[in-house]
Amino acid sequence: ELVVSPNMKLSLQRHYERAEIWFIVEGQAKIYINDSVQILNKFDTINIDRGQWHQLCNPSSDKILRVIEIQYGETCREEDIERK
């Protein structure tokens, strides 16, 4: 589970050995994938392919964002993260 506080964001990153699926459990997510921006709400999902730059942001000033992240691929390890 990823928990993002109001007005906060995770690092811009990509992975070469794994892909991810994000499921929004609570709140609203602003998601950057490569050069696009998407807004997702509760119960929405998004697929992030290997090699795509992505960033998860919570645009709310007062609500927490909770996301279930499913990782799949050759290996799922922290050393596979490249941050920008």
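Read along the sequence, the protein chain runs β-β-β-β-β-β-β-β-β. That pattern holds nine strands and zero helices. Helices (H or I, at least four residues) and strands (E, at least two) are DSSP runs, numbered from the N terminus.

This is a predicted model, in which local features need pLDDT of at least 70 and side-chain atom pairs count only at pLDDT 80 or more, while totals for chains, interfaces and linings use all residues. Residues are numbered from 1 along each chain as its sequence is written, and side-chain values use heavy atoms, with hydrogens and water left out.

**Overall form**

The protein chain has 84 residues and a radius of gyration of 12 Å, which agrees with the value near 12 Å for a compact globule of that length. The radius is taken over C-alpha atoms, and the globule rule is 2.2 Å times the number of residues to the power 0.38. Along its principal axes, the C-alpha trace spans about 35 × 25 × 20 Å.

The accessible surface of the protein chain is about 5200 Å². Carbon and sulfur atoms account for 46% of that surface. These areas come from the Shrake-Rupley method with a 1.4 Å probe; for residues, only the protein chains shown count as cover.

Of the 84 residues, 35% count as buried. Buried means under 20% relative accessible area, exposed means over 50%, and partly exposed lies in between (1.4 Å probe, protein chains only).

Contacts (heavy atoms within 4.5 Å) reach far along the sequence. Among those between residues at least 6 apart, 73% join residues at least 24 apart.

The protein chain carries 11 positive and 14 negative side chains. The centres of the two sets lie 5 Å apart. Lys and Arg count as positive, Asp and Glu as negative; His and the chain ends are not counted. Each charge is placed at NZ of Lys, CZ of Arg, CG of Asp or CD of Glu.

**The core**

In soluble globular proteins, nonpolar side chains tend to be buried together. Here the largest nonpolar core has 13 residues. W22, A29, I31, L56, L65 and V67 touch the most other members. Two or more residues come from each of β1 (2-4), β3 (18-26), β4 (29-33), β6 (45-48) and β8 (65-73). β4 gives the most, with three residues. Such a core is a set of buried Ala, Val, Leu, Ile, Met, Phe, Trp, Tyr and Cys residues joined through side-chain atoms within 4.5 Å.

V67 is one of the core members listed above. Residues up to four places away in sequence aside, V67 touches E1, L2, W22, F23, I24, V25 and L56.

**Selected residues**

The table sets out five residues by place and accessibility.

| Residue | Place | Relative accessibility | Class |
|---|---|---|---|
| Q13 | strand β2 (13-15) | 12% | buried |
| Y32 | strand β4 | 27% | partly exposed |
| N34 | loop between β4 and β5 (36-40) | 43% | partly exposed |
| F43 | loop between β5 and β6 | 58% | exposed |
| E74 | loop between β8 and β9 (81-83) | 68% | exposed |

Start with Q13. Not counting residues up to four places away in sequence, Q13 touches Q52, W53, H54, I81, E82 and R83. Q13 and T45 are 32 residues apart in sequence, and their C-alpha atoms are 19 Å apart.

Next comes Y32. Beyond four places in sequence, Y32 touches V37, W53, H54, Q55 and C57. The C-alpha atoms of Y32 and N58 are separated by 11 Å, with their positions 26 residues apart along the chain.

N34 has a positive phi of about 50°, although N34 is not a glycine. Neighbours within four places in sequence aside, N34 is in contact with Q52 and W53. W53 also appears among the contacts of Q13 and of Y32. N34 and Q13 are 21 residues apart along the chain, and 10.0 Å separates their C-alpha atoms.

F43 is another residue other than glycine with a positive phi, near 80°.

E74 and Q13 are 61 residues apart along the chain. Their C-alpha atoms are separated by 18 Å.
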